[in-house]
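The exercises below lead a newcomer through one structure, and each task is followed by a worked solution. Please keep the sequence and the model in view while reading.

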Amino acid sequence: MRFHLPPHAPGMRIGLFGGSFNPTHSGHLLVSDLALKKLQLDRIWWLVSPGNPLKDNYSLASVDQRMKQTQACIRDPRIVVTDLELRIGKRFTFDTLFFLKQHCPKVRFIWIMGADNLLQFHHWQNWEKIVCLMPVAIFDRPGSTFKTSSTKMTQRFYRARRPERNSKKLVENLPPAFTILHGPRSDKSSTEARMKLNNSK
């Protein structure tokens, strides 16, 4: 299958935000807005996943449906929605990030994730290699604030933690490097949004 990468150029600061987006909700938009400001990014690429390997994908809408729904929610032109993972045949995050590093060696990438995902991050395939591949920005989520310091990732890479006050420089750090960022939070989830949608039918 042919693929094309979203527009990019050497030196650009691009955040990578992966997920099922089934469906997109205000929490995704809030994290993206905060990332653009706090990390001083040029772009954020939303990587719409073919399916989370750690979840039951039975109720997962097609990538095409999720792409259309997600694109309809975007108002900031700096947020770019892509089905790259489907097109390159990747399902695991490390494989996708490695692919992008190979094909865009002069772009400054940073992986973006919510603190709720950090709690089970050690179950991801090659999770330690992800941290060593590019900087990681972790955004606080309701219910996760006091748990982040005890996760396997933050304990394994405790020397790689950078102060939140230096977040705008995080993308320039050599990995491993991560920061936990705080700000306005949303308790919205795709599961909740999906249930409301189904109940309204």
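**Exercise 1.** Against which strands and helices do the buried residues of H4 pack?

*Solution.* A word on the source comes before the steps. This is a predicted model, in which local features need pLDDT of at least 70 and side-chain atom pairs count only at pLDDT 80 or more, while totals for chains, interfaces and linings use all residues. Residues are numbered from 1 along each chain as its sequence is written, and side-chain values use heavy atoms, with hydrogens and water left out.

Begin with the helix itself: H4 covers residues 93-103, where helices (H or I, at least four residues) and strands (E, at least two) are DSSP runs numbered from the N terminus. Next, list its buried residues, that is, those under 20% relative accessible area, with exposed meaning over 50% and partly exposed lying in between (1.4 Å probe, protein chains only). They are Thr93, Phe94, Thr96, Leu97, Phe99 and Leu100. Finally, look for their contacts (heavy atoms within 4.5 Å): these buried residues pack against E1, strand E2 (43-48), helix H3 (84-88), E4 and helix H6 (127-133).

**Exercise 2.** Determine why Thr93 counts as buried, and find what Thr93 touches.

*Solution.* The relative accessibility of Thr93 is 18%, and therefore this residue counts as buried. Leaving aside residues up to four places away in sequence, Thr93 touches Trp111, Trp124 and Ile130.

**Exercise 3.** Work out the order of the strands in the open sheet, and place E4 in it.

*Solution.* Two strands pair if DSSP finds at least two bridges between them. Followed across, the six strands of this open sheet come in the order E3-E2-E1-E4-E5-E6, and their pairing is parallel. At the edges stand strand E3 (79-82) and strand E6 (178-181), each of which pairs on one side only. With direction ignored, neighbouring strands are turned by 25° against each other on average, where axes are lines fitted to C-alpha atoms, for helices over the stretch in contact, and angles run from 0 to 180 degrees between N-to-C directions. H4 packs on this sheet, touching E1, E2 and E4, and its direction makes about 160° with that of E4.

Now turn to E4 and its partners. Strand E1 (residues 13-19) is joined to E4 in the parallel sense over five bridges, and Gly15 has Ile110 of E4 as its bridge partner. Strand E5 (residues 136-139) also runs parallel to E4, with four bridges between them; Ile112 stands opposite Ala137 in E5, and Gly114 stands opposite Phe139. E4 itself, residues 108-114, is mostly covered, since six of its seven residues are buried.

**Exercise 4.** Describe the surroundings of Asn173, starting from its place in the chain.

*Solution.* Asn173 is found in the loop between helix H7 (152-156) and E6. With a relative accessible area of 24%, Asn173 is partly exposed. Among residues over four places away in sequence, Asn173 touches Pro135 and Arg162. Although Asn173 and Ile110 are 63 residues apart in sequence, their C-alpha atoms are 9.8 Å apart in space.

**Exercise 5.** How many disulfides does a search of the whole structure find?

*Solution.* Counting as a disulfide any pair of cysteine sulfur atoms within 2.5 Å, the search finds zero. Cys73 is partly exposed, with a relative accessible area of 26%, whereas Cys104 is buried at 3%.
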